Amino acid sequence: QVQLVESGGGLVQAGGSLRLSCVASKSIFTINAMGWYRQVPGKQRELVALVTSDGTNLADSVKGRFTISRDNAKNTMYLIMNNLKPEDTAVYFCNARFISGIGMRDYWGQGTQVTVSS
């Protein structure tokens with residue numbers, strides 16, 4: 001089991017930047033995949049960015065603006081968001097996924113609000 005705590009959200013003007021952090025309660029070295037998801041009221045949670053041992057993946061809507069990374073030594077994952085747009089406004093959630101021969105298990109943080117004003 002792992003607890004995840006996000007931070008770094010806030011209110012920013014369009015074109016601005018934010019850095020989200022997700023700190024895990026234990027080593028993230030064994031976590032197979034970590035990602036950032038976002039959700040707005042009335043819509044499904046959507047994948048924004050994913051980092052695995054094979055590399056990173058970004059949603060088309062954030063390519064060229066967002067960067068995901070993880071620092072195993074600090075048990076932390078980051079999402080650097082540049083050139084923010086009003087449509088990026090959402091609650092951003094950190095996810096950790098363990099994959100084994102018997103299946104996979106997801107853990108979620110509590111979320112951090114990102115609001116981009118026009």
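Which residue in strand 10 is the bridge partner of Asn-95? In this predicted model, the partner turns out to be Trp-108. To see how that pairing fits in, it helps to start with the two strands involved.

Asn-95 sits in strand 9. This strand runs antiparallel to strand 10, which covers residues 103–108, and six bridges hold the two together. Just two residues lie between strand 9 and strand 10, and the pair makes a hairpin. So much for the backbone; the side chain of Asn-95 has its own story. It reaches over to the backbone oxygen of Tyr-107, at 3.4 Å. Is Asn-95 buried or exposed? Its relative accessible area is 2%, and because anything under 20% counts as buried, Asn-95 is buried.

The surroundings of Asn-95 can be listed too, leaving aside residues up to four places away in sequence. Among the residues it touches are Asp-106, Tyr-107 and Trp-108, and Trp-108 is the bridge partner already met above. Other contacts of Asn-95 come from elsewhere in the numbering, including Leu-4, Ala-33, Met-34, Gly-35, Tyr-37 and Met-77.

Right before Asn-95 in the numbering comes a cysteine, Cys-94, and this one has a partner of its own: Cys-94 and Cys-22 form a disulfide, with their sulfur atoms 1.9 Å apart. The link ties together distant parts of the chain, since Cys-22 belongs to strand 3 (residues 18–24) and Cys-94 to strand 9 (residues 90–100), with the two cysteines 72 residues apart. How many disulfides does the structure hold? Just the one. Its handedness can be read from the torsion about the S-S bond, which is about -65°, so the disulfide is left-handed. Neither end of the link is open to the outside: Cys-22 has 0% relative accessibility and therefore counts as buried, and Cys-94, also at 0%, counts as buried as well.

On the other side of the disulfide, strand 3 also holds Ser-21. With 11% relative accessibility, Ser-21 counts as buried too. Which residues does Ser-21 touch, not counting those up to four places away in sequence? The contacts are Val-5, Glu-6, Ser-7, Trp-36, Thr-76, Met-77 and Tyr-78. Met-77 is a name worth spotting here: it appears among the contacts of Ser-21 and again among those of Asn-95.

A general point is handy when looking at strands like these: in a regular strand, the side chains alternate between the two faces of the sheet.

Key: Residues are numbered from 1 along each chain as its sequence is written. This is a predicted model: local features need pLDDT of at least 70, side-chain atom pairs count only at pLDDT 80 or more; totals for chains, interfaces and linings use all residues. Side-chain values use heavy atoms; hydrogens and water are left out. A disulfide is a pair of cysteine sulfur atoms within 2.5 Å. Helices (H or I, at least four residues) and strands (E, at least two) are DSSP runs, numbered from the N terminus. Buried means under 20% relative accessible area, exposed over 50%, partly exposed in between (1.4 Å probe, protein chains only). Contact means heavy atoms within 4.5 Å. A polar contact is a pair of N or O atoms within 3.5 Å; within protein, one must be able to donate a hydrogen and the other to accept it, and residues adjacent in sequence count only if both atoms are side-chain atoms. Two strands pair if DSSP finds at least two bridges between them.
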